[in-house]
Amino acid sequence: VQPQSTSCHWEKPLHPEQRQPGVGMMKIIAVLLFLALLGLPAAADKEFFSVGSAASPETKSRFAMSDDVRILANGLLQLGHGLKDFVDKTKGQINDIFQKLYIFDRSFYELSLQTSEIKEEEEQLRQTTARLQINNEEIKNVSQEMNLKIEDLIQNKIQLQEQVWGLEDKVTKLAIFQPSMQETKEISSLKAFVEQQDNDIKQLLRTVEDQHVQLDRQHNQIMELEDKLNHIELRELLENSFLEEQQEAEPSPSAVHSPTAGTYRADGAAADCTALYHTGVQTSGVYTIQPNGSEAFNVYCETKFGTSWTVIQKRVDGSLDFNQTWDAYTNGFGDLNEEFWLGLKKIYSITQQGNYLLRIELQDWRGNRRHIEYSFSLGGPSTNFTLQLARMSGSIPNALPEHARLRFSTGDTAGGSSCPQSHPG
C-alpha cells in the first residue's frame, strides 16, 4: 500500500536498526495497539463484576496484564517474521537487480566493442571504396587510350588494305605488261651489285671487329707490362731501402712484394706469402703461414710479377654463396682451392705486420681482364674492420671510394648501411 503521491528512487540499503517502518508496518502496529487498548477496559469490567469472587482484585489484574503482554509479544513476533521475510525478499530482488545490471553492463560493453569493430570495418570499406574509385578512373583512362589505339589500328588497317590493293593492281599490270629482256638484265645486274656491296660492308664490319679485339688485347698487354714495370721498380726500391736499413741495423715496414723485417719470425715461420716466396716457395698453391701474434693458418699464395700474393678472396663461377653472416665473414668460409673468403681476423693479423698493397682483378666471360691496386689501412674488430683506400694504379676507373672510412657490414649486422641489402654477398 502506498500513498497517492509518492516518488521512487534508489537508496543505499540501511542497517536493520536504521530502517524506518513502512506504511504496512505502521498499520500493523496501530492495530495491535488498538487491540491492547480494547483489552484493558475488558479487564477492568471483569474486575468490577467479580467483586464477590473468592480471588483478590490484585491477582486478577496481574493475570489480565500478562495476557495482554503475551498477545503483544505474539504480535511483535509475527511482525518480526514478516519483517524478516520482507528483508529477505528485498535482498533477493536487489541481488536480481544487481545481476541484471551486471548483465546489462557486460552487454553494453560487448555492444560498444562490436560498434568499434563496425566503425573500423566501415573505415576500411571507405578506404577500399576510394581505392576502387581511383582504380575505376585509371581503368577508364586506360580504356579510352585503348579505344584511341584501336581506332588508330583500324585507320592503319584501312591504309594497309588500300596499299595492298594498290600493290595488287601493280602486280596485275606487271602480269599483263611483262618487262623486256633488257629491263630484266638491268634489274638482275642491279640486284647483284647490291648484294656485292652488302657483302663488302659485312666484311668490313668483321675486319673492324677483329681489329677492335686485337687493340683490346694489346691494351691489356700494355697494362700488364706497365704493372710489371711498376712492380719491378717498387721491388727494387724496397730492396734498396731494405739493404740500407740492414746496414743501419734498423727494422723496416713490411710490403707484400718484398722481404722486410716484418715478414720473418724468429722461429723461422713465414709471416705471409711474400716471405714464403723468398724462402724458395715460388709455386702457386695452399701453404701455412703464421703472422706475428697469431696462430698458424692456411692461405692460397699466387705467384706473379716476380713475387707472391696472399689471396684473401676468390670467386670463379658463383658456386659458393657469398651472402653470409658476420661470423662467417669474420672467421672465413669456402675452399682455398676453389671459391673462398679468407676471413677478417686472418686478414687483419697479416696487415698488422707492415704496409701492404691490395690488388683487385676482374675478368668477364669474354676473357677481358681489368685490375686496380690500392694502398690501404685496415682497422680491427673494435672499428668493424674499417677500410681506407688510396689508388695506386690500374685500369678500373672509380672502382671504390678513396680516402673514406668504409665500415665492413653484412646482412645480419648492416645497421644503417644499405650495401648488404642492395648487393647481397
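Good morning. The structure holds nine salt bridges, and I shall begin with these. Please keep in mind throughout that this is a predicted model.

Let us take a pair within one helix. Arg106 and Glu110 join their side chains in a salt bridge, with 3.7 Å from N to O. Both residues belong to helix H2, which covers residues 57–176, and they are four residues apart, about one turn of the helix. An α-helix has 3.6 residues a turn, so residues three or four places apart point the same way. Is Glu110 buried or exposed? Its relative accessibility is 39%, so Glu110 counts as partly exposed.

Next, I turn to Arg359, which takes part in more than a single pairing. The side chain of Arg359 meets that of Glu361 in a salt bridge of 2.6 Å, N to O. Arg359 also forms a salt bridge with Glu373, where the closest N and O atoms are 2.6 Å apart. Arg359 lies in strand S7 (residues 357–363) and Glu373 in strand S8, so this pair ties together parts that are 14 residues apart in sequence.

How accessible are these residues? Arg359 is buried, because its relative accessible area is 17% and the cut-off for buried is under 20%. Glu373 has a relative accessibility of 4% and therefore counts as buried. Glu361, at 31% relative accessibility, counts as partly exposed. These residues also belong to a wider arrangement: a network of salt bridges links Glu302, Lys304, Arg359, Glu361, Arg369 and Glu373.

The two strands just named deserve a further word. Strands of a sheet pair through backbone hydrogen bonds, either parallel or antiparallel. In which sense do S7 and S8 pair? Their pairing is antiparallel, over seven bridges. Leu362 stands opposite Arg370, which is in S8. S7 and S8 form a hairpin with five residues between them. In the turn of this hairpin, Gly367 has a positive phi of about 90°.

A second sheet may be compared on your screens. This one is an open sheet of three strands, in the order S4-S6-S5, with antiparallel pairing. Its edge strands are S4 (313–314) and S5 (333–334), each of which pairs on one side only. S5 and S6 run antiparallel and are joined by two bridges. Phe333 has Trp341, in S6, as its bridge partner.

Trp341 leads us to the interior. If we leave aside its neighbours within four places in sequence, Trp341 is in contact with Ile312, Gln313, Phe322, Tyr329, Gly332, Phe333, Ile347 and Phe408. Which residues have the most contacts inside the largest nonpolar core? They are Ile289, Val299, Phe333, Phe340, Trp341, Leu342 and Ile350, and the core has 31 residues. At least two residues of this core come from each of helix H4 (273–278), S2, H5, S6, H6, S8 and strand S9 (387–394). S2 gives the largest share, four residues. As a general principle, in soluble globular proteins, nonpolar side chains tend to be buried together.

Helix H6, residues 344–351, offers a closer view of burial. Its buried residues are Leu344, Ile347, Ser349, Ile350 and Thr351. What covers them? The cover includes strands S1 (285–289), S2 (297–304), S3 (307–311), S6 (340–341) and S8 (369–378), together with helix H5 (326–331).

I come now to the disulfide. A disulfide is a covalent bond between the sulfur atoms of two cysteines. The structure holds one disulfide. It joins Cys273 to Cys301, with 1.9 Å from S to S. The torsion about the S-S bond of Cys273 and Cys301 is about -75°, so the disulfide is left-handed. Cys273 is in helix H4 and Cys301 in strand S2, and the pair links distant parts of the chain, 28 residues apart. Cys273 is buried, with a relative accessible area of 0%. Cys301, at 2% relative accessibility, likewise counts as buried.

Finally, let us consider the chain as a whole. The protein chain has seven helices and nine strands. Of its 425 residues, 21% are buried. The chain exposes about 31800 Å², of which carbon and sulfur atoms supply 57%. Among contacts between residues at least 6 apart in sequence, 43% join residues at least 24 apart.

To close, I would direct you back to Trp341, which is among the residues with the most contacts inside the largest nonpolar core and is the bridge partner of Phe333. Thank you for your attention.

Note on methods: Residues numbered from 1 in each chain as written. Predicted model: local features only at pLDDT ≥ 70, side-chain atom pairs only at ≥ 80, totals over all residues. Heavy atoms only, no water. Buried < 20%, exposed > 50% of the residue type's maximum accessible area, 1.4 Å probe, protein only. Contact = heavy atoms within 4.5 Å. Salt bridge = Lys/Arg side-chain N within 4 Å of Asp/Glu carboxyl O. Core = buried A, V, L, I, M, F, W, Y, C linked by side-chain atoms within 4.5 Å. Pairing = 2+ DSSP bridges. Areas by Shrake-Rupley, 256 points an atom, 1.4 Å probe, with all protein chains shown as cover. Disulfide = S-S within 2.5 Å.
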